[in-house]
Amino acid sequence: MLIQKNTNVLHNVSEWVPTDSYGWVINMLKLAMKSLSNRAHGLAHVQVDRGSTPLRAFAMKLDGKVEVFINPVFKPSVIGGSSTEEEECLSVNGKFNVSRFKKGKLISQNQSPVKLSGFDARVCQHEIDHLDGILISDAGEKVTS
Ligand SMILES: [Zn+2]
């Protein structure tokens with residue numbers, strides 16, 4: 001599986017997934033996650049080199065199981081606060097400190113709403129940033145050590 005790294009494509013805003021494409025997009029992302037085994041907690045469609053238009057979909061592991069979310073939106077819990085932590089990305093070199101909301105709700109068009117907190121909420125926001133063309137190198141500060 002080819003992962004896009006440091007290409008302009010990664011800054012494109014992904015397009016909404018049409019209903020008749022849900023099936024293959026879900027299968028493709030599940031397969032891509034499987035091929036990466038434990039290297040990725042999440043993966044956005046734009047990161048997978050298919051030579052196609054980036055689509056608004058991502059996969060992430062929840063309770064050890066890979067779930068795919070189509071046309072997702074993250075609704076942060078503002079009173080839950082935010083925190084800054086180190087993040088890595090298969091598409092970006094280096095580590096970056098990124099501020100994220102600690103809690104929120106993930107709404108999508110193919111799954112029931114999911115309440116997320118902590119690490120899962122962080123992964124979700126990282127992946128949705130990908131769908132908006134935002135990388136950790138845009139959102140965060142490079143970790144120097
Ligand atoms: Zn990433």
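In this predicted model, the largest nonpolar core comprises 27 residues, and those with the most contacts inside it are Leu29, Leu43, Ala57, Phe58, Ala59 and Cys124. In soluble globular proteins, nonpolar side chains tend to be buried together. At least two residues of this core are supplied by each of the elements listed in the table, and helix H2 gives the largest share, namely five residues.

| Element supplying the core | Residues |
|---|---|
| Helix H1 | 22-35 |
| Strand E1 | 42-44 |
| Strand E2 | 57-62 |
| Strand E3 | 65-70 |
| Helix H2 | 118-131 |

Cysteine 124, one of the core residues with the most contacts, touches Met60, Phe74, Leu106 and Leu116, when residues up to four places away in sequence are left out of the count.

The model also holds an open sheet of three strands, ordered E4-E7-E8 and paired in the antiparallel sense. Strand E4 (73-76) and strand E8 (114-117) stand at the edges with a single partner strand each, so one side of each is left without a neighbour in the sheet. On average, and with direction ignored, neighbouring strands of this sheet are turned by 30° against each other.

Within the sheet, strand E7 (residues 103-107) pairs with E8 over four bridges, again in the antiparallel sense, and glycine 104 stands opposite leucine 116 in E8. Helix H2 packs on this sheet, where the helix touches E4, E7 and E8, and the direction of H2 makes about 105° with that of E8. Helix H2 thus appears in both parts of this account, as a supplier of five core residues and as the helix packed on the sheet.

How values were computed. Residues numbered from 1 in each chain as written. Predicted model: local features only at pLDDT ≥ 70, side-chain atom pairs only at ≥ 80, totals over all residues. Pairing = 2+ DSSP bridges. Axes fitted to C-alpha atoms, helices over the stretch in contact; angles between N-to-C directions. Contact = placed C-beta atoms within 7 Å. Core = buried A, V, L, I, M, F, W, Y, C linked by C-beta atoms within 7 Å. Buried ≥ 20, exposed ≤ 12 C-beta atoms within 10 Å, placed from the backbone.
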